[in-house]
Amino acid sequence: MENVKYEAGSCDVIVIGAGHAGIEAALAAARMGHSTILFTLNLDAVGNMPCNPSIGGTGKGHLVYEIDALGGEMGRAADKVCMQSRMLNLGKGPAVHSLRMQADRRAYQTLMKKTIEQTEGLRLIQAEIVEVEKEDGGLKVTTRYGAVWHAKAVIVSTGTYLNARVIVGDTAFPSGPDNMFPASFLTQSLEKLGMKMLRFKTGTPARIHRRSIDYEKCEIQKGDEKPSFYSYHTDKEEFQSREQYCCYTVYTNEETHNIIKDNLDRSPLYSGNIRGVGPRYCPSIEDKVVRFSDKERHQLFLEPMGRETDEVYVQGLSSSLPEDVQQKIIHSIKGLERAEVMRTAYAIEYDLADPTQLLPTLEFKDIPGLYGAGQFNGTSGYEEAAAQGLVAGINAALKIEGREPMILSRASSYIGTLIDDLVVKGTNEPYRIMTSRCEYRLVLRQDNADRRLIEYGRYAGLIDDERYEKKKALFEAIDREVERAESTFIAPSSALSELLKAHGSTEVTTGIRLGDLVRRPELNYSVLSEVDKTRPQLSEEICKRAEIEIKYRGYIKKQELEIEAFHRLENKKLPQDIDYTTIKGIRIEASQKLNKIRPLNIGQASRISGISPADISVLLIYFNMK
């Protein structure tokens, strides 16, 4: 029998789900001055990291810097609970440098929950939302207990809980991650609203006890000697003086692979027990062994889960094989022969929305006031979720205020690229951000995230006056230094000759601009300080960022020209009420896709899969665009 419904109250914004997307959405809306309620299935699951205990990584680190630049919370919290800091891809150019932090999982959860609890205008309530309905002036949601709450905007960020099912071997049962209850009823309500739903699958490796690992057989992986951090708010000296924990690497071997091959008939991936689509870029170990059969071994990482626990995460060993097979696999690995499994690896299927139903604001096109964020929109990863949650929270608040939405283009940020990919191209698997997805990545670096996005954060009201003025002063100082380097000539001298010779650089017989010396691959800003007699006292950050701007100036200018061309197409707006099937000259497939996606401009239209340059030419002529 259904519970009797009762009126519980109202607020400006309701957020469903308190994972990484929900947290950022709720904090943003509340900090922008709007009464907000954040619903979670379980208060102990707020900010949970059901997969690996880390923040950042290749491409993902860019997102965290951008979240912080906009005034979000993830980077600030990650810094506070950091156990190890490593900058990835340092052997490559600065465009792909990506920070990754090993985080204390429970400390992160505790910190985020406390931050929510102490945020004015934000309520945190444990309840399952089972229904979302339209009403005059907004939306209303109903909890499983029958409480009805009204709001001007609702953000759905259900993660992997929506109609979720956990699978291990032949065993499958309704469950969210970490044996939490699933959200069993909301899918039906969303479909009733007209939402198209998809079903994906993800998974997580086993956790083992630290004391059962033979670390003598493992390769140590230390953090950086000079660790980097994410947030403007973090104290540099305090952060860099903290103890860094070690991670370790181990490898699968022929025995491991044979165990997996001999038990593929027991894998739900191959038996048909798993129906959801899994992530291509984070496959299970059985999938890796089958797909990459030529590889003799696969690298695995042993990562501590926290300072106050002996759980260790086996990164790279995601699996849905039966428990007994998983244990054989683990014990076949050098260093893990006596490993004690504390949590068995599992796969999880869940419902989500087709993201092509969304505007770039993350509001549903046909359901005003309803927003989606995180894995509910088809992404994979904490960072992708948090980025979307922040955008959804900001835009929900802006809509309530009657102000223009915040739309981040793919030329502005990794966040913009992520959202553009989702709403224009859609996804048929859990989407993961990567540096290769960003065609303007030399401009969209980690080091300049604040410069690219601070005005957006300022517009939303999440960047205060003090931070804004300090950042503007920093940007001006970087510009002055770049200009100084480009206009400073270094005269030939014995000191310069010795320096160039020592670094294998071609000697000069005439004066040379400092900027030209900086651009030489074998030289850097620090080395050239010996001959740069007019250099003022500068912070390490100014020197580093000025050097990047100088060293890659030609390439950056070329990319900026490409961005100008991109913006010209983005500025050619398309009407939202046009029936593309009535336009002569456009192929049937193209008109159907244009009607489905309803691009806002020519630029978006050109990125839709199946839209050809000829189709774009027809649109330009039809709408008389020059």
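These legends accompany views of a predicted model, starting with the whole protein and moving in on one pair of helices.

**View 1. The whole protein, with its 22 helices and 22 strands.** The radius of gyration is 26 Å, close to the 25 Å that the globule rule gives for 626 residues, so the protein is as compact as a globular protein of that length. Along the principal axes, the C-alpha atoms fill a box of roughly 90 × 70 × 50 Å.

**View 2. Burial and contacts in the protein.** Of the 626 residues, 58% are buried. Take the contacts between residues at least 6 apart in sequence: 74% of these join residues at least 24 apart.

**View 3. Helix α14 packed with helix α18.** Here we meet residues 465–487, which form α14, and residues 540–551, which form α18. The two helices pack at an angle of about 55 degrees, and their axes lie 9 Å apart. That angle makes α14 oblique to α18. The crossing in which α14 passes α18 is right-handed.

**View 4. The residues where α14 and α18 touch.** On the α14 side, the contact is made by L474, F475, A477, I478, E481, V482, A485 and E486. Helix α18 brings E541, I542, R545, A546, E549 and I550. What mix of nonpolar, polar and charged residues makes up this contact? Nine are nonpolar and five are charged, with no polar residues in the contact of α14 with α18.

Notes: Residues numbered from 1 in each chain as written. Predicted model: local features only at pLDDT ≥ 70, side-chain atom pairs only at ≥ 80, totals over all residues. Heavy atoms only, no water. Axes fitted to C-alpha atoms, helices over the stretch in contact; angles between N-to-C directions. Helix = DSSP H or I, 4+ residues; strand = E, 2+ residues; numbered from the N terminus. Parallel < 35°, antiparallel > 145°, perpendicular 65-115°, else oblique. Left-handed = near helix turned anticlockwise from the far one by under 90°. Contact = heavy atoms within 4.5 Å. Nonpolar A, V, L, I, M, F, W, Y, C, P; charged D, E, K, R; others polar. Rg over C-alpha atoms; globule rule 2.2 N^0.38 Å. Buried < 20%, exposed > 50% of the residue type's maximum accessible area, 1.4 Å probe, protein only.
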